[in-house]
Amino acid sequence: VYSPDYNITFMGLEKLHPFDAGKWGKVINFLKEEKLIGDDLIVQAREATDEDLLVVHTRRYLNKLKWSFVVATITEIPPVLFLPNFLVQRKVLKPLRTQTGGTIMAGKLAVDRGWAINVGGGFHHCSGDKGGGFCAYADITLAIKFLFERVPGVSKATIIDLDAHQGNGHERDFMNDHRVYIMDVYNRYIYPGDGFAKRAIKRKVELEWGTEDTEYLQKVHTHVEGALNELKPDIIVYNAGTDILDGDPLGGLAISPQGIVKRDEVVFKAARSRGIPILMVTSGGYQKRTARIIADSILNLHNLGLIDKELATSGAENPKVEQMIRDSVTDLTNLSLQ
């Protein structure tokens, strides 16, 4: 799932944050170069509307995003403070809303086909009433709540959050929701250090500075297996942040590109071997080489048969699936969540 609208480009301001604000398009370009995908295999993400977002977000929070200084704080790009809000909406928030719509759509596609990858999304620091850490919309929470309400047979979800940072947004949102099992593996010393949110984590793995491949992969394998043996969910949301990469300015870990590819393989093997649908979002990753690593990982998953190109093609030609895709985001307006 992807849209060219994912990418943030505005007079170079996006370069003031260490995040590569065009990485999503680069991932797609690499996959096209490798002949894995063409435009016919990409599900076009749609922008989530205010009505969609209100399924999780408070009106008060969404109104706050109409103030440029609030968006500057959330995205950690101070000059955004001085821009008129209509430009902030169009150039910064619309891409994030489109990625959020992509995550919601990918949730339905994962249940229908067994797997789906949103090339963007993974805004795991945002909760219903608070953004931060470059995360303005709670796409993971939205995708799960959408599935619970709209898709028969989905009543349990597991979040496997392997970004270098703690996923405090979805943790706050699902604090007292026993339908959602959260596993989080993160550098214990970095942002956000949200002690309250940690209470929602069922399987917490706190890493030291500079953790390397061998220790990391052993822990990921052990705890992914343990989490899925403890509870078999109806959907896995896999937050596949690549800010664990050695040299990342914010992650503080030391995982190699090959280690990241292997990590994704471990998670997909665990899900696919159990027949559990998996939705992957790409989340954090703050280096220029990140896009190539994400593409290499998706290629590896395909080469191993863990994601199936033919299945995607047949699904795209299926009128029922096409209709489901079209309805995925707009159906949110019909939800009546508690």
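In this predicted model, the sulfur of Cys126 has its closest cysteine sulfur in Cys135, at 6.9 Å. That is too far for a bond. The cut-off for a disulfide is a sulfur pair within 2.5 Å. Seen from the other side, the sulfur of Cys135 likewise has its closest cysteine sulfur in Cys126, at 6.9 Å, and again the gap is too far for a bond. A disulfide is a covalent bond between the sulfur atoms of two cysteines. The structure holds zero of them. Both cysteines are nonetheless covered. Cys126 counts as buried because its relative accessibility is 1%. Cys135 is buried too, with a relative accessible area of 5%; the threshold for burial is under 20%.

Burial extends through much of the chain. Of its 338 residues, 61% count as buried. The secondary structure comprises 13 helices and six strands. Contacts often link distant parts of the sequence. Among those between residues at least 6 apart, 72% join residues at least 24 apart.

Helix H4 spans residues 68–75 and is mostly covered. Six of its eight residues are buried. These are Ser68, Val70, Val71, Ala72, Ile74 and Thr75. The cover over the buried residues of H4 includes helix H3 (59–64) and helix H5. Directly after H4 comes Glu76. The phi of Glu76 is positive, near 60°.

Within H4, Ala72 was examined individually. Its relative accessibility is 8%, so Ala72 counts as buried. Neighbours within four places in sequence were set aside. Beyond them, Ala72 is in contact with Ile77, Pro78, Val80 and Leu81. A separation across the sequence was also computed for Ala72. The C-alpha atoms of Ala72 and Gly132 are separated by 9.8 Å. Along the chain, these two residues are 60 residues apart.

Helix H5 covers residues 85–113 and contains Thr103. Thr103 has 0% relative accessibility and therefore counts as buried. Its contacts outside the four nearest places in sequence involve seven residues named here: Asn118, Gly121, Gly122, Asp139, Ala143, Leu279 and Val281. Thus a threonine at 0% relative accessibility has contacts that include two glycines, Gly121 and Gly122. They also include Asp139.

Further along the chain, helix H10 (residues 257–273) packs against helix H11 (residues 290–303). Their axes come within 9 Å and cross at roughly 40°. The two helices are therefore oblique to each other. Angles under 35 degrees would count as roughly parallel. H10 passes H11 in a right-handed crossing. On the H10 side, the contact is made by Pro257, Ile260, Val261, Asp264, Glu265 and Phe268. On the H11 side, the contributors are Ile293, Asp296, Ser297, Asn300 and Leu301. By class, the residues of this contact divide into six nonpolar, two polar and three charged. The charged residues are Asp264 and Glu265 of H10 and Asp296 of H11. Ser297 and Asn300 of H11 are the polar ones. An α-helix has 3.6 residues a turn, so residues three or four places apart point the same way.

Methods:
Residues are numbered from 1 along each chain as its sequence is written. This is a predicted model: local features need pLDDT of at least 70, side-chain atom pairs count only at pLDDT 80 or more; totals for chains, interfaces and linings use all residues. Side-chain values use heavy atoms; hydrogens and water are left out. Axes are lines fitted to C-alpha atoms, for helices over the stretch in contact, and angles run from 0 to 180 degrees between N-to-C directions. Helices (H or I, at least four residues) and strands (E, at least two) are DSSP runs, numbered from the N terminus. Angles under 35 degrees count as roughly parallel, over 145 as roughly antiparallel, 65 to 115 as roughly perpendicular and the rest as oblique. A crossing is left-handed if the near helix is turned anticlockwise from the far one by less than a right angle, and right-handed if clockwise. Contact means heavy atoms within 4.5 Å. Buried means under 20% relative accessible area, exposed over 50%, partly exposed in between (1.4 Å probe, protein chains only).
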